[in-house]
Amino acid sequence: MWAEQTQKLNLAFAAINTTILVLSSVTCQMGVWAAERFQPHRTGSLLQVNRWGMHEWTTLTFLMGAAFIGGQVYEYAELIGHGVAINSHPYGSVFYLTTGFHGLHVIGGLLAFLFLLGRSFSARRFGHHEATTAIVVSYYWHFVDVVWIALFGAIYLIR
């Protein structure tokens with residue numbers, strides 16, 4: 001059943017969606033480095049990414065994570081159209097439970113980014129507390145990304 005059902009997966013789309021999520025770890029880390037420099041916002045124009053602060057990098061990371069979730073929703077709709085639903089057979093159950101559980105954790109990370117941005121904007125002075133929050137949120141985000149890489153390999157590459 002696994003070999004038959006994996007043929008319905010869109011590997012190219014999933015690879016692009018995975019690339020977006022993995023690159024969001026890069027932008028997240030850029031935000032951490034800006035936070036460690038105590039640079040909450042950009043010091044140049046918006047097009048000068050080398051002068052971006054934590055706010056810009058975190059916002060871009062949030063948008064990339066949201067795009068990943070949007071891609072998952074699109075993929076779910078496509079698979080349901082091909083007869084792969086959570087209740088159709090064991091493969092559907094395993095697919096939706098693992099990717100859905102991961103998706104919930106990505107949404108949790110997105111909420112953490114909103115919390116981080118809110119805390120940073122409301123702080124009178126950007127200091128160690130805000131930088132530490134950025135670091136802790138990044139640990140979570142990187143972990144969620146590493147878990148997805150393992151899931152991607154197991155779900156999309158093992159046929």
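**Exercise 1. Overall fold**

Task: For contacts in the protein chain with a separation of 6 or more, find what percentage comes from residues 24 or more positions apart. Then describe the chain as a whole.

Solution:
- Step 1. Residues 24 or more positions apart make up 71% of the contacts with a separation of 6 or more. This is a predicted model.
- Step 2. Count the elements. The protein chain has 5 helices and 0 strands.
- Step 3. Read them in order. The pattern along the sequence is α-α-α-α-α.
- Step 4. Take the extent. Along the principal axes, the C-alpha atoms fill a box of roughly 55 × 25 × 20 Å.
- Step 5. Check burial. The protein chain has 159 residues, and 43% of them count as buried.

**Exercise 2. Helix 2 against helix 3**

Task: Decide whether helix 2 and helix 3 are roughly parallel or antiparallel to each other, and give the make-up of their contact.

Solution:
- Step 1. Get the geometry. The two axes, of helix 2 and helix 3, come within 8 Å and cross at roughly 160°.
- Step 2. Apply the cut-off. Angles over 145 degrees count as roughly antiparallel. Helix 2 and helix 3 are therefore roughly antiparallel.
- Step 3. Assign the hand. Helix 2 passes helix 3 in a left-handed crossing.
- Step 4. Sort the contact residues. The contact of helix 2 with helix 3 holds 16 nonpolar, 7 polar and 1 charged.

**Exercise 3. Two packings of helix 5**

Task: Describe how helix 5 packs with helix 2 and with helix 4.

Solution:
- Step 1. Start with helix 2. Its axis and that of helix 5 are 9 Å apart, at an angle of about 160°. Helix 2 is therefore roughly antiparallel to helix 5.
- Step 2. Add hand and chemistry. The crossing of helix 2 and helix 5 is left-handed. Their contact divides into 17 nonpolar, 6 polar and 2 charged residues.
- Step 3. Turn to helix 4. The axes of helix 4 and helix 5 come within 10 Å and cross at roughly 165°. So helix 4 and helix 5 are roughly antiparallel as well.
- Step 4. Finish the pair. Helix 4 passes helix 5 in a left-handed crossing. The contact of helix 4 with helix 5 has 18 nonpolar, 9 polar and 2 charged residues.
- Step 5. Place one residue. S138 is in helix 5. Its relative accessibility is 2%, so S138 counts as buried.
- Step 6. List its partners. Leaving aside neighbours within four places in sequence, S138 is in contact with C28 and V32.

**Exercise 4. The nonpolar core**

Task: In the largest nonpolar core, name the residues that touch the most other members. Then trace the surroundings of Y156 and E75.

Solution:
- Step 1. Find the hubs. The largest nonpolar core has 32 residues, and F95 and Y156 touch the most other members.
- Step 2. Assign the elements. Helix 2 (11-36), helix 3 (54-81), helix 4 (90-122) and helix 5 (128-157) each give two or more residues to this core. The largest share, 10 residues, comes from helix 5.
- Step 3. Note the general trend. In soluble globular proteins, nonpolar side chains tend to be buried together.
- Step 4. Inspect Y156. Beyond neighbours within four places in sequence, Y156 is in contact with L9, L11, A14, Q72, E75, F95, W148 and L151.
- Step 5. Follow E75. This residue lies in helix 3. E75 is buried because its relative accessible area, 4%, falls under 20%.
- Step 6. List its contacts. Not counting residues up to four places away in sequence, E75 touches L9, F13, A14, F95 and Y156.
- Step 7. Take a distance. E75 and L47 are 28 residues apart along the chain, and their C-alpha atoms are separated by 32 Å.

**Exercise 5. The loop between helix 2 and helix 3**

Task: Are F38 and V49 buried or partly exposed, and what is the phi of F38?

Solution:
- Step 1. Locate both. F38 is in the loop between helix 2 and helix 3. V49 lies in the loop between helix 2 and helix 3.
- Step 2. Read phi. F38 has a phi near 60°, a positive value in a residue other than glycine. Most residues other than glycine have a negative phi.
- Step 3. Classify F38. Its relative accessibility is 36%, so F38 counts as partly exposed.
- Step 4. Classify V49. The relative accessible area of V49 is 42%, so V49 is partly exposed.
- Step 5. Take a distance. V49 and V136 are 87 residues apart along the chain, and their C-alpha atoms are separated by 23 Å.

Conventions: Residues numbered from 1 in each chain as written. Predicted model: local features only at pLDDT ≥ 70, side-chain atom pairs only at ≥ 80, totals over all residues. Heavy atoms only, no water. Core = buried A, V, L, I, M, F, W, Y, C linked by side-chain atoms within 4.5 Å. Buried < 20%, exposed > 50% of the residue type's maximum accessible area, 1.4 Å probe, protein only. Helix = DSSP H or I, 4+ residues; strand = E, 2+ residues; numbered from the N terminus. Contact = heavy atoms within 4.5 Å. Axes fitted to C-alpha atoms, helices over the stretch in contact; angles between N-to-C directions. Parallel < 35°, antiparallel > 145°, perpendicular 65-115°, else oblique. Left-handed = near helix turned anticlockwise from the far one by under 90°. Nonpolar A, V, L, I, M, F, W, Y, C, P; charged D, E, K, R; others polar.
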